[in-house]
Amino acid sequence: MSEAGGGWRRATGVAGVALGVLATGAAAGVAIERMTVGRGMRKKARLALDSAGPYGALRGTPGKAYADDGTELYYEADDLDPAPAPERRRRLFGRRAPAPVTVVFSHGYCLNQDCWHFQRAALRGVVRTVYWDQRSHGRSARGAAQLERGEPVTIEQLGRDLKAVIDAAAPEGPLVLVGHSMGGMTVMALADQYPELIAERVVGVALVGTSPGRLGEVNFGLPVAGVNAVRRVLPGVLKALGQRAELVEKGRRATADLFAGIIKRYSFASRDVDPAVARFAERMIEGTPIDVVAEYYPAFDAHDKTEALARFAGLPVLVLAGVDDLVTPSEHSEEIAGLLPEAELVLVPDAGHLVMLEHPEVVTDRLADLLTRAGAVPAGATVKGYGSSSTARPG
């Protein structure tokens with residue numbers, strides 16, 4: 001047996017222990033499914049779901065920003081619908097119209113900007129929006145500091161990345177910052193490092209399914225013995241697997257059913273999630289290379305931005321989480337709301353980590369209310385149906 005083959009077997013052996021603990025419930029469901037549905041039929045079903053539905057098909061005007069280490073960050077902007085002709089004529093003879101409010105959406109770990117599909121569909125044309133892919137995710141480039149110098153990813157770096165995107169995509173005018181999970185942590189890191197930006201330009205903040213810190217205490221819905229085992233082996237497992245990325249990706253494809261079960265368990269709480277939505281989430285997570293998964297993981301244990309939350313005091317703030325979130329438990333959102341007593345706290349029943357996909361109508365409704373309170377949209381404005389996808393714009 002070659003050294004590479006032996007290393008791969010050792011890595012997958014340890015990975016099997018960790019995944020076995022994480023996937024107990026998911027694997028049981030997969031086992032039952034395998035007894036009733038053939039592998040070929042399951043593959044055909046996945047392909048059918050991939051071709052059905054418009055999820056992730058919305059595109060805007062593309063742009064690029066550059067992080068302080070040179071990483072190319074991809075974003076898209078959806079502009080306001082053009083003003084009617086009389087309004088345009090009045091502006092020609094008056095003072096320059098102020099820059100519109102821009103709503104900047106930051107996605108979470110192992111996702112990309114398309115995770116905001118329903119909210120994007122609802123807000124198109126109503127308010128200017130910017131969606132971006134975090135470094136090494138989606139259409140953004142691999143992190144230069146990580147790829148070239150082996151530096152660890154930090155939440156602080158993500159905050160600086162967000163600043164670069166704002167400088168490129170919304171250099172002037174008021175801002176509303178929206179972040180899910182790691183994206184919410186990114187918003188906190190931005191506030192920690194650029195308090196003047198928050199004070200001068202930010203008019204509203206939405207923190208969805210996120211945490212100010214203490215993520216090392218999360219038990220992922222596992223018994224004490226199980227979570228302790230995962231914490232002991234997972235960092236080493238991910239590092240080992242990241243060094244065998246090509247082989248791991250082949251393994252992920254071969255065990256697609258098991259991974260699908262794990263993803264569903266830790267993404268959703270509802271039993272009746274649309275299969276096309278569940279498959280959409282699965283594709284986003286599958287699209288994140290294992291070495292990227294590995295290089296990000298240590299950043300979460302180090303994350304602590306509790307003090308940075310004070311930067312949002314006095315602003316309209318929405319704090320929203322799924323009651324059954326196993327990744328960033330709703331208690332973390334309650335802690336955020338406790339530190340920002342004027343914030344609106346919304347805990348969504350029967351909802352997991354990807355609450356914006358699982359219960360898009362709730363997230364869109366509360367977000368629209370936040371935008372009204374922040375002055376981003378007129379009080380009489382209405383957003384489109386949350387399930388709408390519209391025609392994809394070229395980009």
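This note goes through a predicted model of one protein chain, point by point.

1. Overall make-up. The protein chain contains 17 helices and eight strands. Of its 395 residues, 52% are buried. Among the contacts with a sequence separation of 6 or more, 81% join residues 24 or more positions apart. Several such pairings come up in the points below.

2. The main nonpolar core. The largest nonpolar core has 45 residues, and the members that touch the most other members are Phe105, Val176, Val178, Phe268, Leu320, Leu357 and Leu371. Helix 13, residues 275-286, supplies the largest share of this core, with seven residues. A second core, separate from this one, has 34 residues, including Val187, Val202, Leu309 and Leu340.

3. Val178. What does Val178 contact, once its neighbours within four places in sequence are left aside? The list is Val103, Val104, Phe105, Ser106, Trp116, Val187, Ala206 and Leu367. Two of these names appear in the previous point: Phe105 is listed with the largest core, while Val187 is listed with the second core.

4. Helix 15. This helix covers residues 330-339, and its buried residues are Ser330, His332, Ser333, Ile336 and Ala337. Why do they lie on the same side of helix 15? They do so because they cover an arc of only 155° around the axis. The cover over these buried residues includes helix 8 (182-193), strand 6 (202-208), strand 7 (317-322) and strand 8 (344-348).

5. Ala321. This residue is found in strand 7, one of the elements that cover the buried residues of helix 15. Ala321 has a relative accessible area of 0%, so it is buried. Apart from neighbours within four places in sequence, Ala321 contacts Gly209, Ser330, Ser333, Val346, Leu347 and Val348. Of these partners, Ser330 and Ser333 are buried residues of helix 15. Leu354 is 33 residues away from Ala321 along the chain, and the two C-alpha atoms are separated by 9.1 Å.

6. Ala308. The loop between helix 14 (290-302) and strand 7 holds Ala308. Is Ala308 buried or exposed? Its relative accessibility is 2%, so Ala308 counts as buried. Not counting residues up to four places away in sequence, Ala308 touches Met188, Ala191 and Asp192. Met188 and Ala308 are 120 residues apart in sequence, yet their C-alpha atoms are 6.1 Å apart in space.

7. Met284 and the loop it touches. Met284 is found in helix 13, the helix with the largest share of the main core. With 6% relative accessibility, Met284 counts as buried. Leaving aside neighbours within four places in sequence, its contacts are Cys110, Leu111, Asn112, Asp114, Cys115 and Leu357. Cys110 lies 174 residues from Met284 in sequence, and the C-alpha to C-alpha distance between them is 7.0 Å.

8. Two residues with positive phi. Most residues other than glycine have a negative phi. Cys110 has a positive phi, near 65°. It sits in the loop between strand 3 (102-106) and helix 5 (117-123), and at 8% relative accessibility Cys110 counts as buried. Arg214, also not a glycine, has a positive phi of about 60°. Arg214 lies in the loop between strand 6 and helix 10 (224-242). Where Cys110 is buried, Arg214 counts as partly exposed, because its relative accessibility is 40%.

9. The cavity. How many cavities of 30 Å³ or more does the structure hold? There is one. The largest cavity encloses about 30 Å³ of space. Its lining is formed by Gly56, Leu58, Gln113, Asp114, Trp116, His117 and Arg120. By type, these lining residues are two nonpolar, three polar and two charged. Some of them have been met or will be met elsewhere in this note: Asp114 is a contact of Met284, and Trp116 is a contact of Val178.

10. Pro360. Helix 17, residues 360-373, includes Pro360. Pro360 has a relative accessible area of 5% and is therefore buried. His117, one of the residues lining the largest cavity, is 243 residues from Pro360 in sequence, with a C-alpha to C-alpha distance of 9.1 Å.

Definitions and conventions:
Residues are numbered from 1 along each chain as its sequence is written. This is a predicted model: local features need pLDDT of at least 70, side-chain atom pairs count only at pLDDT 80 or more; totals for chains, interfaces and linings use all residues. Side-chain values use heavy atoms; hydrogens and water are left out. On a 1 Å grid over the protein atoms alone, a cavity is a set of points where a 1.4 Å probe fits but cannot get out, and a pocket is an open set with protein on both sides within 12 Å along at least five of seven lines; lining residues have an atom within 4 Å of a point. Grid points are joined across faces, edges and corners, and a volume is the space filled by probe spheres set on the points. Ala, Val, Leu, Ile, Met, Phe, Trp, Tyr, Cys and Pro count as nonpolar, Asp, Glu, Lys and Arg as charged, and the others, Gly among them, as polar. Buried means under 20% relative accessible area, exposed over 50%, partly exposed in between (1.4 Å probe, protein chains only). Helices (H or I, at least four residues) and strands (E, at least two) are DSSP runs, numbered from the N terminus. The arc is that of the directions from the helix axis to the C-beta atoms. Contact means heavy atoms within 4.5 Å. A nonpolar core is a set of buried Ala, Val, Leu, Ile, Met, Phe, Trp, Tyr and Cys residues joined through side-chain atoms within 4.5 Å.
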